[in-house]
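Biologist: Before we look at anything in detail, could you show me the model and take me through how its features are read?

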Amino acid sequence: MATVNVYLTFDGNCEEAFLFYQSVFGGEFPYIGRFNDMPPSDDYPPMSEEDGNKIMHVTLPISAETCLMGSDTAGEWSASFKQGNNYAVSINTASKDEADKLFNGLSAGGQVTMPMNQTFWGAYFGMFTDKFGIHWMVNYDAPQA
């Protein structure tokens, strides 16, 4: 079965963001690596201590099939960072209660663009941008009668 894993990029606050996401979803990080954990290489220019302490990669399983993954930008890549560009994380839930829990938890401190509500296409759906500038959609499709 195919899975969808979302990779999020941050401008220095990846660790803060992933601790927040962990507080909502629960779970443990099987891996957190920092840029200064990379072996030395002539292929990469030296980086500052600040950039070395940024997150190179983090994974947070949020179900048996799906993980959130992320990193900070660092060094020469920082200049091309654009917060909140053209993507969203879409979550399909198993119940209306779960949809409300995740929507309310993740939207805390952010900007709701469409509150959770029944839609014309039959789903219970909402959208928001979280306090880190990440766009989210939450969807619950009730079983057909």
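Modeller: Let us begin with a term: a residue counts as buried when its relative accessible area is under 20%. This is a predicted model, and in it both Phe103 and Phe128 are buried.

Biologist: How are the rings of Phe103 and Phe128 arranged towards each other?

Modeller: Rings pair if their centres lie within 6.5 Å, and planes over 60 degrees apart count as edge-to-face. Phe103 and Phe128 form such an edge-to-face pair, with 4.9 Å from centre to centre and 85° between the planes. Phe103 belongs to helix H3 and Phe128 to strand E7, and the pair links these distant parts of the chain, 25 residues apart.

Biologist: How many aromatic pairs does the rule give?

Modeller: The count comes to 11 aromatic pairs. Another of them joins Phe18 and Phe29, whose ring centres are 6.5 Å apart and whose planes stand at 55°, so this pair is tilted. Because Phe18 lies in helix H1 (residues 14-25) while Phe29 lies in the loop between H1 and strand E2 (31-34), the pair ties together parts that are 11 residues apart in sequence. Phe18 has a relative accessibility of 1% and therefore counts as buried.

Biologist: Which residues do the ring pairs link into a cluster?

Modeller: The cluster consists of Phe10, Phe18, Phe20, Tyr21, Phe29, Phe103, Phe128, Phe132 and Trp136. One of these rings, that of Phe20, also has a charged partner, since Lys131 lies over its face at 4.5 Å from the ring centre. Elsewhere, Lys96 lies over the face of Tyr124, at 4.6 Å from the ring centre.

Biologist: What is the order of the strands in the open sheet?

Modeller: In general, the strands of a sheet pair through backbone hydrogen bonds, either parallel or antiparallel. Here an open sheet of 4 strands follows the order E5-E8-E7-E6, and its pairing is mixed. Strands E5 (89-92) and E6 (111-118) are the edge strands, each of which pairs on one side only. From one strand to the next, the twist averages 10°.

Biologist: In which sense do E6 and E7 pair, parallel or antiparallel?

Modeller: E6 and strand E7 (residues 124-129) pair in the antiparallel sense over 5 bridges, and Asn117 stands opposite Phe125 in E7. Helix H3 (residues 96-107) packs on this sheet, where it touches E5, E6, E7 and strand E8 (135-140), and the direction of H3 makes about 10° with that of E7.

Note on methods: Residues numbered from 1 in each chain as written. Predicted model: local features only at pLDDT ≥ 70, side-chain atom pairs only at ≥ 80, totals over all residues. Heavy atoms only, no water. Pairing = 2+ DSSP bridges. Helix = DSSP H or I, 4+ residues; strand = E, 2+ residues; numbered from the N terminus. Axes fitted to C-alpha atoms, helices over the stretch in contact; angles between N-to-C directions. Contact = heavy atoms within 4.5 Å. Phe/Tyr/Trp six-rings, centres within 6.5 Å; stacked < 30°, edge-to-face > 60°. Buried < 20%, exposed > 50% of the residue type's maximum accessible area, 1.4 Å probe, protein only. Lys NZ or Arg CZ within 6 Å of the ring centre and 35° of its normal.
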